[in-house]
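Open the model in a viewer and keep the selection panel at hand. The stops below say what to select next and what is there.

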Amino acid sequence: MVLLGVTLTGCGLKSGSPMADDVVPGSVGRGRPLDGASLTVTSKNFSENIILGQMIGLVFKAAGAEVLDRTNLPGSISAREAIIKGGADAMYEYTGTAWITYLGHAKPITSPLKQWEAVRDEDRGNGVTWLPQSTLDNTYALAISKKNNAEYHLRTLSDVAALAKMDPAAVTVCVENEFASRDDGLPGMEKAYRMSIPASHIKKMDAGIIYTQVSKSDSCLLGEVFTTDGRIKAMDLDVLEDNKHFFPNYNAAPVIHTATFDKYPEIAGLLDPVSRRLTTEVAQQLNAKVDVDGEDPHEVAKDWLIAEGFIKKG
């Protein structure tokens, strides 16, 4: 999990580029506890995770560190390996991704807190330290345009299952290739909700195209979306409730290379206040600035941190 928006360039080369912002402590980083530290931040290559990676880097910079920006690495595994092996010191990761994809568990834990605790405890053995999670939950969902939903009045995934039985021809779904085959994606969802969608009614496409197809065409009644995506509101979509709690929790939390955290435990005090302010709604707003308005993820992160008082311009 989780692909949000388009792949972006210029927000951090694979080899890394220094973060040169002139920022100083606000409500975090007072006393510059990272003075003299050289730290590397990373992220996956989708809008939200790049924004979150930039936030970490800017907070570290304000706290006195020299920061190397290695955000926008291709795929989840690249960033994960960078944290494990020490090629990067910090990033935001998602609890569901770690539990299912990295740690190999088949079933998610329903409680967000217990899911985080289980990931935190098990990942210690991999040299990864998990800091407290945010309520930002970037999980899977199905969405329908408000225009089409005026006819069908769908509210939950159980409603979709009922419609699929009553009028099979009505239910068409646009999804990514990965979602179409993952156990925590479409096949698992169909099994959990006892629905059967014919293969001819499942259309596979790039994530960014799905939103447009669901909003502006009749090719798909429903589309795979991510709950923090800013295009949900921008394109006037209704997100259907996962009333059986099938999809895992994907709460974002800072993960730190453990040797780095042992050397600089002050990192927890720097990032915990930021995580407490990160909600699904905040993520939707920030993601929309990138994916809808075309703003730069670094500037979006910086503007938000300044507006929240976490850091200040130098």
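Select Val41 and Asp69 in this predicted model: Asp69, in S4, is the bridge partner of Val41. Extend the selection to strand S3 (residues 38-42) and strand S4 (residues 66-70), which pair in the parallel sense over 5 bridges. Of the 5 residues of S3, 4 are buried, so this strand is largely enclosed by the rest of the structure. Add H1 to the view: S3, H1 and S4 make a right-handed β-α-β unit.

Stay with H1 and colour the core. The largest nonpolar core has 101 residues, and its largest share, 8 residues, comes from helix H1 (residues 47-62). In soluble globular proteins, nonpolar side chains tend to be buried together. Which residues have the most contacts inside this core? They are Leu34, Met55, Phe60 and Leu222. Centre on Leu34 and show its surroundings. Leaving aside neighbours within four places in sequence, Leu34 is in contact with Leu39, Phe60, Ala63, Gly64, Ala65, Tyr264, Ile267 and Leu270.

Next, select strand S5 (residues 90-94). Here 5 of the 5 residues are buried, so S5 is largely enclosed by the rest of the structure. Ala90, Tyr92 and Tyr94 point one way from the strand, while Met91 and Glu93 point the other way. Glu93 is buried along with the others. Now add strand S12 (residues 252-257): 5 bridges join S12 to S5, and the two run antiparallel. Within S12, Ala253 is the bridge partner of Glu93.

Move to helix H6 (residues 157-166). Start at its N-terminal end, which Thr156 caps: a side-chain oxygen of Thr156 lies 3.3 Å from the backbone nitrogen of Ser158. Then look along the axis. The buried residues of H6 are Leu157, Val160, Ala161, Leu163 and Ala164. These cover an arc of only 165 degrees around the axis, which puts them on the same side of H6. Turn to the other side of H6 to find Lys165 and Met166, both exposed. What covers the buried residues of H6 includes strand S7 (140-145), helix H5 (146-152), helix H8 (186-193) and strand S10 (222-226).

Helix H9 (residues 207-216) is the next selection. Asp206 caps its N-terminal end, with a side-chain oxygen 3.0 Å from the backbone nitrogen of Gly208. Which residues of H9 are buried? Select Ala207, Gly208, Ile210, Tyr211 and Val214. They lie on the same side of H9, because they cover an arc of only 160 degrees around the axis. The buried residues of H9 pack against S7, strand S8 (173-175), S10, helix H10 (231-234) and strand S11 (237-239). Keep S7 and S10 displayed from the previous stop: S7 and S10 are also among the elements that cover the buried residues of H6.

Finish in helix H14 (residues 297-307), where Lys302 is found. Is Lys302 buried or exposed? Its relative accessible area is 14%; with buried meaning under 20%, Lys302 is therefore buried. Show the side chain of Asp21 as well: a polar contact of 3.1 Å joins the side chains of Lys302 and Asp21. Leaving aside neighbours within four places in sequence, Lys302 is in contact with Asp21, Val23 and Leu58.

Key: Residues numbered from 1 in each chain as written. Predicted model: local features only at pLDDT ≥ 70, side-chain atom pairs only at ≥ 80, totals over all residues. Heavy atoms only, no water. Buried < 20%, exposed > 50% of the residue type's maximum accessible area, 1.4 Å probe, protein only. Arc of directions from axis to C-beta. Contact = heavy atoms within 4.5 Å. Polar contact = N/O pair within 3.5 Å; in protein donor to acceptor, adjacent residues only side chain to side chain. Core = buried A, V, L, I, M, F, W, Y, C linked by side-chain atoms within 4.5 Å. Pairing = 2+ DSSP bridges. Right-handed = clockwise from strand over helix to strand, strands pointing away.
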